[in-house]
Amino acid sequence: MTQSVVVQVGQCGNQVGCRFWDLALREHAAVNKKGIYDEALSSFFRNVDTRSAGDGPDIYKGKICSLKARALLIDMEEGVVNEILQGPLRDVFDSKQLITDVSGSGNNWAVGHKLYGCQYRENIVDKLRKTAEHCDCLQCFFIIHSMGGGTGSGLGTFVLNLLEDEFPEVYRFVTSVYPSGEDDVITSPYNSVLAMKELNEHADCVLPIENESLFDIVNKIHQMINSGKLGSTVKQSLVTSSVGTTKTAQEKPFDAMNNIVANLLLNLTSSARFEGSLNMDLNEISMNLVPFPRLHYLVSSLTPLYTLADVNVPTRRLDQMFSDAFSRDHQLIQADPKHSLYLACALLVRGNVQVSDLRRNIERLKPSLHFVSWNQEGWKTGLCSVPPVGHSHSLLALANNTCVKPTFMELKDRFMRLYKKKAHLHHYLQVDGMEQGCFSEAISSLSDLIEEYNELDATKGGPRTDPSRLKIAV
Amino acid sequence: MSIVTVQLGQCGNQIGPEVFHTLCGDARGTHGLCSKEENASYHGACKERFFSEAESGVPVARAVLVDMEPKVISQTLSIAARSGCWKYDDQSHFCQKQGSGNNWANGYSVHGPRNKEVIMNLIQKEVEKCDRLSGFFTIMSMAGGTGSGLGAFVTQCLRDAFPTSFILNHVIWPYGTGEVIVQNYNSVLTLSHLYRSSDALLVHENDVIHKICAQLMHIKQISFRDVNQVIAHQLGSIFQPAYTAEAGSHYSRNPLGDLMETLVPHPEFKMLGLRNIPQMPENSLAYSTFSWPGLIKHLRQMLIANAKMEEGIDWQVRPPCPGSSIPSSHSTNKLLHFNTSIANLVILRGKDTDTVDLGSFRDPSLYTSWLNPQDAFNAWKTPRAFNKYEKSASLVSNSQFLLKPLDDIVGKAWNMFASKAYVHQYTKFGIEEEDFLDSFTALEQVISSYTIL
């Protein structure tokens, strides 16, 4: 069994991260009735003997003593991290896992990346090494951050670079929250594009998320629950609810949205942690969904958004879950995969679902989806027996699809609108180590990426000419 | 003589216990439908073959479990132990932590060499427990990373370490519409490498078994466990003891050797397909009766028309007329529909097997011209019924059964290779484009050989 470390950077990263740890504890508590520290728990948590002062040795077997998250919390402002440390999750985090500063990055990628990066480099490497040492077999780093600000975007991508240098063998999965069009941070296009270059070059897989999509999903759920149509049989939403976690107070507005992202990560790692008839580990995700090194942006969708209280799930509802996974309004970014080109698609099912259900639905949905000519049957499937908390089944769909292109193109447009006028540029250029070249390189990297997607899109719907096979002398 | 089973990867370690369960259940079962002496004789021949007797009386499977991550093996071991009828040797397993990531190169070039010594030691230990070794039976899928890549490596090591033992690879072919996106690459690399070191490849296709589960076993929500149980039944039907020579007086003791001798006359042709009839849900068994002539007729037509199961057989397909002036390899009818065989083996188990007429299988038009039909066809029988089926007939065929599936896999892999998609994932671990090309060439050769039969 392998371990993963979560690095949460900036306000957004830490808020999402906080929800992740809360939901992870809830999930393991539901599965692990005996309180024994098992391999599944060890993937994200250490078991520490807190009786001895200071850093007690890790306990690898036996009863759970005190669980510590395998995490690094980084923020250049103290507010969010302090709140976490005063909240119900305070015992889950080791004080040595935090790196904070006071003044923040001022929504400036250069400050986050160049200034704080330089300043905190050694500290970060040191703490990363310590976390890695506690791991028997470290497989993956999960970075959670937003792209539009200064810390998450700048320092977050700095850490990404560091991880590649210091731990080249370990996978780097990045969950990036992209700014929406109406973002109130004016310089968010600059920050995002500068960060994109780093993601292009140093991440193994990126899961882009857009707030707009999360917001729409949360609204839809509220409507369903409040409409009364479903009566009292509707349980709390599968993806947004914090029921059963440490949150007892009134949920903050972003909590439901952050829960979605947290659930994404839980479902992504479920097959690596729990048993099933067809396991799907994290290295398999990267292997199957990344056909060319730079095309590693995966559009995700989680279904169902809520499940009714029925334990016996009729086939029709199960099939609806699969259909929804491909619909536009279930994606976590503003994209429509059905009308774009699939390079690859992965389906990770949890709970009481068997291979025949999977096959039936793949057969049913395949004709309406466009797959690239060299990967007509490009499906990766996983079956995990353990369902999410309080529900009987769920599905996570990950798609490497050209539908990410519009998101990137809009980002490029917004960037160019500012850049042409040289608006706010001086804030960046006055940071040590930052020059105009950084901007031109970044936009060039983004343009190249968009061009790669364009070339693939051009093949869509064209005539299929299979390359001729090798001829053998008889 | 004994067979040592090597279970590789998740698939191998999920099928393995089902096989042992079926073998054990059949050996101890009371549905033999034959005389006591016969049963005792059968039981005696079963002993030693796949199990060794422990002091506790619970048979211990002669198996080595290998996987690059721990979840499946730990599940498998506990399921076996809980069954009470048989178990694994507690020491006879090896796993790592990270898995192979569906990457053949990772399994073959990294995990293989790194863990060679430990794995070969475990196998050696099992071999030493055998009085006489018949050979090795490896179970693996070719779609993933461990079973396929590490499996190919281990097979090579077995060949090097045991040059005179037989190696039979049981290979699971994945669903056509994907379990793993790079499954066609992994398959091409696996098959080309296995072909060099193995004696024969016994193939089961997930699509086919799935259909059997749906249409014959009437299972509504088919799980991998259901699929594996059908596979285990089919394997059991060929591995359990049978009389190999006509009017032989004792059960054959060399199962693998006998199989190879009858089915693999030429090293260019190693692909074996398996059919077993009848197949039905267990609770229907008591209400069904079959006649041997009916079963044989169906089985023969399944062979000729390349039908995967006993429903939906195309009865229009006929063997070409003997004495036709057109050389058989150019007849379009033959190429498209008719399944030409190199060698066939029919195994009959149950009531009245001595009355069965198998002349229809000796028809020379079924076979390629360069083998004498007397040599190309063999029949094994036993009056002892198998796994609660009053009558059961199996066909192991070295024929064009797998030609089209193989061609499809190579075609899809080639299509993907032409765009170079995913190749960087393999070169990362030391498998270069040349290695791919070598594998493609090797398999095109196999396809060509089978096509011109």
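**Exercise 1.** How many bridges join S12(A) to strand S13 of chain A, and do they run parallel or antiparallel?

*Solution.* Start with the pairing: 2 bridges join S12(A) to S13(A) (residues 370-371), and the strands run parallel. Two strands pair if DSSP finds at least two bridges between them. Helices (H or I, at least four residues) and strands (E, at least two) are DSSP runs, numbered from the N terminus. Next, place a residue: Leu341(A) stands opposite His370(A) in S13(A). Last, check the cover: S12(A) spans residues 341-351, and 11 of its 11 residues are buried (under 20% relative accessible area, 1.4 Å probe, protein chains only).

This is a predicted model: local features need pLDDT of at least 70, side-chain atom pairs count only at pLDDT 80 or more, and totals for chains, interfaces and linings use all residues. Residues are numbered from 1 along each chain as written, chains are lettered from A and ligands numbered from 1 in written order, and side-chain values use heavy atoms, without hydrogens and water.

**Exercise 2.** State how confident the predictor is in chain B.

*Solution.* Take the mean: pLDDT (confidence in each residue, from 0 to 100) averages 90 in chain B, and 96% of its residues reach 70 or more. Then find the weak stretch: over residues 325-335 of chain B the pLDDT is below 50. Beyond near neighbours in sequence, that stretch has 9 contacts in the model (heavy atoms within 4.5 Å). Where pLDDT is low, predicted coordinates should not be read in detail. For the complex, the predictor gives an ipTM of 0.88 and a pTM of 0.91.

How values were computed:
Buried means under 20% relative accessible area, exposed over 50%, partly exposed in between (1.4 Å probe, protein chains only).
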